[in-house]
Amino acid sequence: MTHTISSSKLEVRDGSLRCACSVSENGIFRVHVQLLTSTVTSVEASVLGDSYAVPAGCFQAAPISQGNTSASAAAKGREARTEHNPSSGEVVLHAACGSRLSALGEGLELQIQTASGGALKGLSFSRGTKGVEIRWGIGPADRFYGLGERSGFLDKRGRSYLMWNTDEPFHHELRDPLYQSVPFVIHRLTDSGADGAIGLFLDDPGRSVFDLGESDPGTAVIRTERNEAVIYLLPGENLFDVTSAYTWLTGRHELPPRWALGYQQCRYSYYPDSRVLEIADEFRRRRIPCDVIYLDIHYMDGYRVFTWDPERFPDPQALIARLHEHGFRVVTIVDPGVKIDPEYDVYLSGSARNVFARQADGAVYAGEVWPGAAVFPDFLRQDTRAWWASQHHAMFDVGVDGIWNDMNEPADFTGDVLDRTKFTPPGDLMLDGSAGLRSIDRYHNVYGQMMCAATADAFAKQKPELRPLMVTRAGYAGIQRYAAVWTGDNDSSWAHLSMMIPMLLNMGLSGIAFCGSDVGGFQGNASGELFARWMLSSCFTPFFRAHTSTGTRDHEPWAFGAEVEGVCRRAILLRGRLLPYIYSLFDEYRRTGRPLLRPMLSADWDDPRLAGMWNQFLVGADLLVAPVLEPEARSRVVYLPAGRWYRWDEVCFVDEIEVQADGPGTPGTPGTNTNTDNRGLALYHGGQEYLVDAPLDRIPVFVRAGAVLPLYARAPQYEADSAAVDAELVLCLFADTEAFSSELIVYDDDRESQAYLQGEFRRERLLFSGPAKYQLDISTRESGYDRRAERYRLQLYEPGGKVLTRIIEAEDGVYSLE
Ligand code: GLC
């Protein structure tokens, strides 16, 4: 092995293998591996294109100060340094923050180590059968997380995962791949003496396989199909450090308009227009909050994208105006396939601009999707994206608020129905991406992402003041910069309700924090019980939308009779009341990369019982949700992490009561849901399991003692209705029995414009401490936005079932509660 060091790179070479290693100031290592062949003999002959995951200029290699005397150089600040031990032959690249990458001995074997000493052993690069092969060791108790959207449980160890976006409607536990490919895995080290977590991100939108101990339980292997690979290694002390670094690199979802965090209703499809209005009216009449209605493919004229069916939707503008009047936002589906039809202007204009992808022989490729024979835009080209963006006038000019990009793996019905990985255009279709005109296989996993980039361009040009809502099915690493992701065509089954939880948790750990599943399941008919349980679970997921396939029974909250309707209303009302908390968590995600929905192990990294726990989750740091995942179950086992926890579900899923803080409850109107309930809460001790009752109308929900939860006293029916509830913010304070001091940042802004990016937002820090003296310290940190609640209702829950309520003016200050 030889090595050379330049101003920002450590290069190690062994035979025909070469690795160029650099590290950013914040401690992310980048390794560019090349296999030199008889035709590619020079290290300069890289054919890598620009990254689709990492925005240009984001990763900057830190300057390297050389030599063994570099402690002072590193101390100077953010420089990296190298170290060479001539006797052992080891050469080390040290990041300023303490982590290190070292190369030792023969063969290209590296070691990556966290600042506190946890290390991936024997990371080696070699020539595999089709391209670069990357291997490293797995300790007996190590685990894997991340990988974006995958079926199966939380710990991804013991299986192989193919990176290949696939229209896969059959998501059982062993089915892989699905619609998205995020070649990023977090290896959690537990055996090396020092704990830690290391992320590996292979930035390659082509095909690769991550075998995480399937072939050999002690070895992880990534097999690529190219002679070059760019890998980022992200060392951290825990999963969130790694996710934070990964999302620093690949980006985070900006704040959505707040209406996109409300409940959303979809089906394949609501039509004609009168049916859409009927659904909308039902929500308002039954006082079930709803913010968004979706139009699936039947709104189009013969499934021609950017058109409206003249009979079913003769006047989309009038329809949408009416929906807007009633507080609904409208999202339309847009698929990539453009119908081949010489009388269709979108097809004609795309053909004239030559934007449709061609085969190697030069002919425009014809596949088949919903409209029949169709062509596929080459979204990797900037001019195609601009052309596609301009088509959105047909949507935005009549008032459409959001866009839902589907079938963008891309799905192609002329492919192989049985082998779903081939249900896509063949490899002789050429796309003109960052590495030049190449087979679609080279770029397969970014096709959908670049379609979303085109949609983002449409929003930026045609609705520059407003925040977009984009939803996508396909995606690659970094998809979170563009769109929310839903988990595609699940089933109306208990297994799929269960699988939603680990899927969403790993998506969140992979940067895709704005995610959700089709509530009730897409394929098949939900039972009322399943629908109710799904609603109770999903009211906590960031993206909250019910959807069902064509030909199934109705899947609206009222479609299963009065009892289930009541349960759905309670769940959706709770979601509405939680909006201040959820919005603040979104802000936290934007700042730190920490997902809204969090795996249980984030409550206590050291508790081995939490490491693989997939059937409970946390919302933020403090809210613990334990969904009921079986039919007939009216109780379930809940494991509470260390600390103390208040049982909250007995009071949070409420409806049809107006309970006064200082008096007994009096009956109210359905659809009002107040938190001004003075019922006390039971305190549970963590570190153990409990068998907890779970009647049909609620699931177990606990809040960490010491926490603060900001809530509305009453749920808005839709976003514009929140003006009516904004006057009062309830700050629920959950007292602990041992000394505590906890912090929560409450975030707010105008909730729909881009002005927050210019500083027009408000962050208040709430510091709650006790128990010798319960105190709440409210201090405004950023005040670029004026609106604030008029008053805060402090609601202190104490052990022993005591509740104390105090109403204060919404002002900074230190408030003691006695
Ligand atoms: C796909 C989508 C589904 C949609 C259907 C019709 O199956 O995943 O959500 O309803 O196409 O557009």
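Mentor: Let's start with a word we'll need: a residue counts as buried when its relative accessible area is under 20%. Keep in mind, too, that this is a predicted model.

Trainee: Okay, let's try it on helix 9. How many of the 16 residues of helix 9 are buried?

Mentor: Helix 9 covers residues 447–462, and 13 of its 16 residues are buried, so the helix is largely enclosed by the rest of the structure.

Trainee: And what span should helix 9 have, going by its residues?

Mentor: The idea is to count 1.5 Å a residue, which gives 22 Å for helix 9. Its end C-alpha atoms lie 23 Å apart, so the two values agree.

Trainee: Let me move to helix 12. What should its 31 residues span, and how far apart are its ends?

Mentor: Use the 1.5 Å rule again: residues 562–592 should span 45 Å, and the end C-alpha atoms are 42 Å apart, which agrees.

Trainee: Where does helix 12 bend?

Mentor: Look at Leu578, where helix 12 bends by about 55 degrees. A proline, Pro580, follows within four residues.

Trainee: Why is helix 12 called largely enclosed?

Mentor: Apply the cut-off again: 26 of the 31 residues in helix 12 are buried, so the rest of the structure largely encloses it. Just after the helix comes Gly593, with a positive phi near 85 degrees.

Trainee: Now for the empty spaces. How many cavities of 30 Å³ or more are there?

Mentor: Rolling a probe the size of a water molecule over the atoms shows where empty space is left. In this model the count is five cavities of 30 Å³ or more. The largest cavity holds about 230 Å³ of space. It has 17 lining residues, and the closest to its centre are Leu729, Val746, Asp748, Arg751 and Ala789.

Trainee: Which elements supply at least two residues each to that lining?

Mentor: Our helix 12 turns up again, together with strand 47 (728–734), strand 48 (740–749) and strand 49 (761–770). Strand 48 gives the most, with three residues. Sorted by type, the lining of the largest cavity has eight nonpolar residues, no polar ones and nine charged ones.

Trainee: What volume does the second largest cavity have?

Mentor: About 80 Å³. Its lining includes Trp259, Arg329, Asp401, Phe459 and Glu752. By type, this second lining splits into five nonpolar, no polar and five charged residues.

Trainee: Let's finish with strands. Do strand 1 and strand 2 run parallel or antiparallel?

Mentor: For a strand pair, check the direction, then the bridges. Strand 1 (residues 2–5) and strand 2 (residues 10–14) run antiparallel, joined by four bridges. One match to find is Thr2, which stands opposite Arg13. A hairpin of four residues links the two strands.

Trainee: How many bridges pair strand 2 with strand 3?

Mentor: Five, again in the antiparallel sense, with strand 3 at residues 17–23. Asp14 has Leu17 as its bridge partner. This hairpin has two residues between its strands, and Gly15 there takes a positive phi near 55 degrees.

Trainee: What order do the strands take in the open sheet of three strands?

Mentor: Read across the sheet: the order is 24-28-29, with antiparallel pairing. Strand 24 (358–359) and strand 29 (436–439) are the edge strands, each pairing on one side only. Strand 28 (residues 429–433) joins strand 29 over four bridges, and Met430 stands opposite Ser439.

Definitions and conventions:
Residues numbered from 1 in each chain as written. Predicted model: local features only at pLDDT ≥ 70, side-chain atom pairs only at ≥ 80, totals over all residues. Heavy atoms only, no water. Expected span 1.5 Å × (residues − 1). Bend = angle between axes of the 7 residues up to and from the residue. Buried < 20%, exposed > 50% of the residue type's maximum accessible area, 1.4 Å probe, protein only. 1 Å grid on protein atoms, 1.4 Å probe; cavity = no way out; pocket = protein on both sides within 12 Å on 5 of 7 lines; lining within 4 Å. Points joined across faces, edges and corners; volume = space filled by probe spheres on them. Nonpolar A, V, L, I, M, F, W, Y, C, P; charged D, E, K, R; others polar. Pairing = 2+ DSSP bridges.
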